[in-house]
Amino acid sequence: MIIKRKQRFVIGIILMIAIISIPIIIQFIYRAPYRYCENCLQSNIEYFDALPTYIRNYNLSGTVIISDENTPNEINEILDSLNKQYQKDSDYPVFTAIEVYSDNNGNLAISIQAKKEIIKGGNGIETPDVRCYYLVYVEPNYVGSIHAKDKAPFYDNWRTWSSDTYSG
């Protein structure tokens, strides 16, 4: 009888710990790709600190593509280095382009795809099958539309954001 009470007590404690830890585990799994992007930026801080300056110096706008003849060498070198480092962890191409936006006052917003993964159950036609994770730079006085603008930055003016998209 005493052994059974102790067993019940131990099983009860184990179940309580499991129930309490489920939300923590789910939150960790949900945040993992965002942390991946944040760690990517932190590990390559010199590149990400330089990007807004290069974009401003070369007066770039729209889509800036890696290895394009119109893309400045400094930006090509940054994208190429990041692509080589992080492509292996992604199901689709990453760090191959930068989306550059500027408002009438010259404030910048930048969006870069840092990680892409396949969504289980997505077919690419009726349902999204690719989740894209972005590093987004938004200057404080930027007046324009860009995703993650209202999200708190995790470093300087950099934020993370994600969207689901279709491959087909």
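How many bridges join β2 to β3, and in which direction do these strands run relative to each other? Five bridges connect them, and the two strands run antiparallel. The model in the viewer is predicted, and the tour below proceeds outward from this pair of strands.

**The sheet**

Select the strands β1 to β5. Together these five strands form an open sheet in the order β1-β2-β3-β4-β5, with antiparallel pairing. At the edges are β1, residues 62-65, and β5, residues 158-165, each of which pairs on one side only. From one strand to the next, the twist averages 30°.

Next, display helix α2, residues 45-57. This helix packs on the sheet and touches β2, β3, β4 and β5. The direction of α2 makes about 130° with that of β3.

**From β1 across to β4**

Begin at the β1 edge. Four bridges join β1 to β2, and these strands run antiparallel. To see one pairing, select Val64, whose bridge partner in β2 is Ile98.

Move on to β2 and select Tyr101; the bridge partner of this residue in β3 is Ala109. The hairpin of β2 and β3 has five residues between the strands. Within that hairpin, select Gly106, which takes a positive phi near 85°.

Now colour β3 by accessibility. This strand is mostly covered, with eight of its 11 residues buried. On its other pairing, nine bridges join β3 to β4, and again the strands run antiparallel. Return to Ala109, which stands opposite Val138 in β4. Ala109 is thus a useful residue to keep selected, as it is the β3 partner of Tyr101 and also faces Val138 across the β3 and β4 pairing.

**Leu79 in helix α3**

Select Leu79, which lies in helix α3, residues 73-86. Is this residue buried or exposed? Leu79 is buried, because its relative accessible area is 1%, under the 20% cut-off. Show its contacts beyond four places in sequence: Leu79 touches Val64, Ile66, Phe95, Thr96, Ala97 and Ile98. Two of these, Val64 and Ile98, are the bridge partners already visited. For a distance check, pick the C-alpha atoms of Leu79 and Val94, which are 15 residues apart along the chain and separated by 9.0 Å.

**Tyr142 in the loop after β4**

Continue to Tyr142, found in the loop between β4 and β5. Although located in a loop, Tyr142 is buried, with a relative accessible area of 6%. Which residues does Tyr142 touch, leaving aside those up to four places away in sequence? They are Tyr101, Ser102, Asp103, Asn107, Leu108, Ala109 and Lys149. The list includes Tyr101 and Ala109, the bridge pair selected earlier. Tyr142 and Asp103 are 39 residues apart in sequence, yet their C-alpha atoms are 6.4 Å apart in space.

**The largest pocket**

Finally, display the largest pocket, which holds about 180 Å³ of space. Of the 16 residues that line this pocket, select those closest to its centre: Glu99, Ser111, Ile112, Gln113 and Tyr134. Three strands, β2 (97-102), β3 (108-118) and β4 (130-138), each supply at least two residues of the lining. Which strand provides the largest share of the lining? That share, four residues, comes from β2. Colouring the lining by class shows 11 nonpolar, four polar and one charged residues.

How values were computed:
Residues numbered from 1 in each chain as written. Predicted model: local features only at pLDDT ≥ 70, side-chain atom pairs only at ≥ 80, totals over all residues. Heavy atoms only, no water. 1 Å grid on protein atoms, 1.4 Å probe; cavity = no way out; pocket = protein on both sides within 12 Å on 5 of 7 lines; lining within 4 Å. Points joined across faces, edges and corners; volume = space filled by probe spheres on them. Nonpolar A, V, L, I, M, F, W, Y, C, P; charged D, E, K, R; others polar. Pairing = 2+ DSSP bridges. Axes fitted to C-alpha atoms, helices over the stretch in contact; angles between N-to-C directions. Contact = heavy atoms within 4.5 Å. Buried < 20%, exposed > 50% of the residue type's maximum accessible area, 1.4 Å probe, protein only.
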